[in-house]
Amino acid sequence: MDEAALIRYKSGIMIDAPMSTVWKLQTDVERWPSWQPPVTSSERLDTGPLRRGSRFHWTTPAPATPTAPATTLDITSTVQEIRRGHCVLWRGPAVGEGLRIDEGVHLWTFTKVGDGVRVHTEETWTGSQAEADLPTATAALGRGLETWLRDLKATAEARS
């Protein structure tokens, strides 16, 4: 994680589903739009299993704030670390019309607990535009991550 980042959010959720289900949903990035309404598109920029150095491009809407207009963020993420059934870390910029996050760093960890999985996520953002309004940027990041966790839980539990 970017320890110097001013914008950060952490959260977690317990999912009553097998690790294999949760892991596949989270790491099959091309299928994110099928279960995450806020992800409007997603494509891998390489082939094979998701691994260190894998890249993917995805889009998501960003609502208007006092410092930026409503836009669609184009995000190109690069996997920095991945350990099957344990964690995945990616980073990259997010750019939309009138909005730029210079770098987002996003960590997901997965811990088997009984018959389920405890999912923890943590993300940081850097960039002068995002940092111009820390409370608004942090709230937007938090809303996005909480929605992602709820969608992951609902989808994984429905498939179990």
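This is a guided tour of one protein chain, proceeding from the whole chain to single residues.

**The whole chain**

The model on display is predicted. Begin with the entire chain in a cartoon view, which contains four helices and seven strands. Followed from the N terminus, the elements come in the order β-α-α-β-β-β-β-β-β-α-α.

Next, show only the C-alpha atoms. Taken along the principal axes, they fill a box of roughly 45 × 30 × 30 Å. A compact globule of 160 residues would have a radius of gyration near 15 Å, and the chain agrees with this because its own value is 15 Å.

Contacts offer another view of the fold. Among those that join residues at least 6 apart in sequence, 52% link residues at least 24 apart.

Now switch on the surface. The accessible surface amounts to about 7800 Å², and carbon and sulfur atoms account for 53% of that area. Of the 160 residues, 46% are buried. If the charged residues are coloured, there are 18 positive and 20 negative charges to find, and the mean positions of the two groups lie 6 Å apart.

**The nonpolar core**

Select Val22, Trp32, Trp108, Phe110 and Val119. Within the largest nonpolar core, which has 38 residues, these five touch the most other members. Then add helix α4, residues 134-159, which supplies the largest share of this core with seven residues.

Keep Trp108 selected and display its surroundings. Which residues are in contact with Trp108, leaving aside its neighbours within four places in sequence? They are Gln26, His86, Cys87, Val88, Trp90, Val119, His120, Thr121, Trp148, Leu149 and Leu152.

**Helix α1**

Move to helix α1, residues 19-27. Is this helix largely enclosed or open? Seven of its nine residues are buried, so the rest of the structure largely encloses the helix. To see the buried residues, select Met19, Thr21, Val22, Trp23, Leu25, Gln26 and Thr27. Two of these names have appeared before: Val22 as one of the core residues that touch the most other members, and Gln26 as a contact of Trp108.

Now centre the view on Thr21, a residue of helix α1. Thr21 counts as buried because its relative accessible area is 18%, under the cut-off of 20%. Not counting residues up to four places away in sequence, Thr21 touches Ala156, Arg159 and Ser160.

**Asp16, ahead of the helix**

Step back to Asp16, which lies in the loop between β1 and α1. Asp16 is classed as exposed because its relative accessibility is 54%, over the cut-off of 50%. Beyond its neighbours within four places in sequence, Asp16 is in contact with Asp115, Gly116, Glu157 and Ser160. Ser160 was also listed among the residues that Thr21 touches.

Use the distance tool between the C-alpha atoms of Asp16 and Val113. The two residues are 97 apart in sequence, and 9.2 Å separates them in space.

**Leu6, before the first strand**

Finish at Leu6, in the segment before β1, which spans residues 7-15. Is Leu6 buried or exposed? With a relative accessibility of 52%, Leu6 counts as exposed. Outside its neighbours within four places in sequence, Leu6 is in contact with Trp125, Glu131 and Leu134. Of these, Leu134 lies in helix α4, which covers residues 134-159.

As a last step, select His106 together with Leu6. These residues are 100 apart in sequence, and their C-alpha atoms are 14 Å apart in space.

Conventions. Residues are numbered from 1 along each chain as its sequence is written. This is a predicted model: local features need pLDDT of at least 70, side-chain atom pairs count only at pLDDT 80 or more; totals for chains, interfaces and linings use all residues. Side-chain values use heavy atoms; hydrogens and water are left out. A nonpolar core is a set of buried Ala, Val, Leu, Ile, Met, Phe, Trp, Tyr and Cys residues joined through side-chain atoms within 4.5 Å. Buried means under 20% relative accessible area, exposed over 50%, partly exposed in between (1.4 Å probe, protein chains only). Helices (H or I, at least four residues) and strands (E, at least two) are DSSP runs, numbered from the N terminus. Contact means heavy atoms within 4.5 Å. The radius of gyration is taken over C-alpha atoms; the globule rule is 2.2 Å times the number of residues to the power 0.38. Accessible areas come from the Shrake-Rupley method with a 1.4 Å probe; for residues, only the protein chains shown count as cover. Lys and Arg count as positive and Asp and Glu as negative; His and the chain ends are not counted. The place of a charge is taken as NZ of Lys, CZ of Arg, CG of Asp or CD of Glu.
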